[in-house]
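Here's a quick look at how two chains sit together and how one of them is built. Have the viewer open as you read.

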There are 2 protein chains.
Amino acid sequence: MFAPRPSDVDRHEVILGVDPGLTRCGFAALHARGATIDVVAMGVLTSPSDMDLAERLAMLHGDFESLLKEVRPHAVAVERVFFQSNVSTAMSVAQASGVVLALAASRGIPVVQYSPSQVKSAVAGSGNADKLAVQKMVQRRLSLSSLPEPADASDAAAIALCHIAASPLATRVGAAQGVTK
Amino acid sequence: MFAPRPSDVDRHEVILGVDPGLTRCGFAALHARGATIDVVAMGVLTSPSDMDLAERLAMLHGDFESLLKEVRPHAVAVERVFFQSNVSTAMSVAQASGVVLALAASRGIPVVQYSPSQVKSAVAGSGNADKLAVQKMVQRRLSLSSLPEPADASDAAAIALCHIAASPLATRVGAAQGVTK
């Protein structure tokens, strides 16, 4: 699924994958040039769990804005948030995703969301792939010497790889518009 | 509950109440000076429901940022979001609240959240008060000639009134810090 298309080889772009969260917001900026994909930046934005909620969201807002300015992505791929068993966590994840989506779109950057199963399917070949299988594929695809850590950064890289695999490079950025509904 | 305290009479402040939402985000900026409360601005921020989610959040982000600059509130009171029956709506409400909380705190404005029952209890005397009872109390408290409309703006005014009622003016702004957890 990562085979280069002849017309893609001379084109390049930076895709920022984001696994939204308030305690840990994973990010991975990947530079894709044809079949070659390099890591530009990869890590986790954090905020102290004993800090006031609004202050934590403001911290994420500032940190993510700085990241966008630094990385200047051509598109931002964000994991779609679902309501899970832990309602309290789901709420803060939804609030964090709101901040991330709003900031990226505010800067005119195309934003696309992918569900966890879409990401697993694109990266590891199955929507039911386990975390380790996804991490191993991310490691292999990015030619990393060890498993990508922490998990949230690895997930963000998988989301960016999903976007790179999901859309032909030539139309990737334009097509990302309007897919986040 | 709105009786003036002697020490409050010469003090004044602007409280911005917000009922977060993506389709309709109600707001009401109230100027309180002792027992006198005037409406500075009241209305609803909207975004088209057929627009891309990230674009809608970006629109709310820009509109709410402009509102904060225009109104320059001393504190922002936001209705606390809960997961309700409509999961799809709850998600976008949570995302919208994330944007609102992050922007207010980013500007260094104290932010406080109140639950719907806290608002009803403070404004209409009962946590189970119906919407009409709350609207009538908002109308009376703000000396409006008719029931406040639309409902989201009225709700936002109730949230601001709740904050004004809940904390003595002298300590209101300072105490708002750290209450949004």
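What follows covers the symmetry, then the contact, then the sheet and its helices.

This is a predicted model, where local features need pLDDT of at least 70, side-chain atom pairs count only at pLDDT 80 or more, and totals for chains, interfaces and linings use all residues. Residues are numbered from 1 along each chain as its sequence is written, while chains are lettered from A and ligands numbered from 1 in the order in which they are written.

Turn chain A by 180° with 0.0 Å of shift along the axis and it superposes on chain B, RMSD 0.0 Å (a least-squares fit on C-alpha atoms of residues with pLDDT of at least 70 in both copies). That's the relation of a two-fold axis.

The contact uses 29 residues from chain A and 29 residues from chain B (contact means C-beta atoms, placed from the backbone, within 7 Å). On the chain A side, α2(A) gives the largest share, 13 residues (helices are DSSP runs of H or I, at least four residues, and strands are E runs of at least two, numbered from the N terminus).

Chain A also has an open, mixed sheet of 5 strands, ordered β3-β2-β1-β4-β5 (strands pair if DSSP finds at least two bridges between them). β3 and β5 of chain A stand at the edges with a single partner strand each, so one side of each has no neighbour in the sheet.

Two helices pack on the sheet, with these angles (0 to 180 degrees between N-to-C directions of axes fitted to C-alpha atoms, for helices over the stretch in contact):

| Helix | Strand | Angle |
|---|---|---|
| α1(A) | β3(A) | about 160° |
| α5(A) | β2(A) | about 40° |

Key: Two residues are in contact if their C-beta atoms, placed from the backbone, lie within 7 Å.
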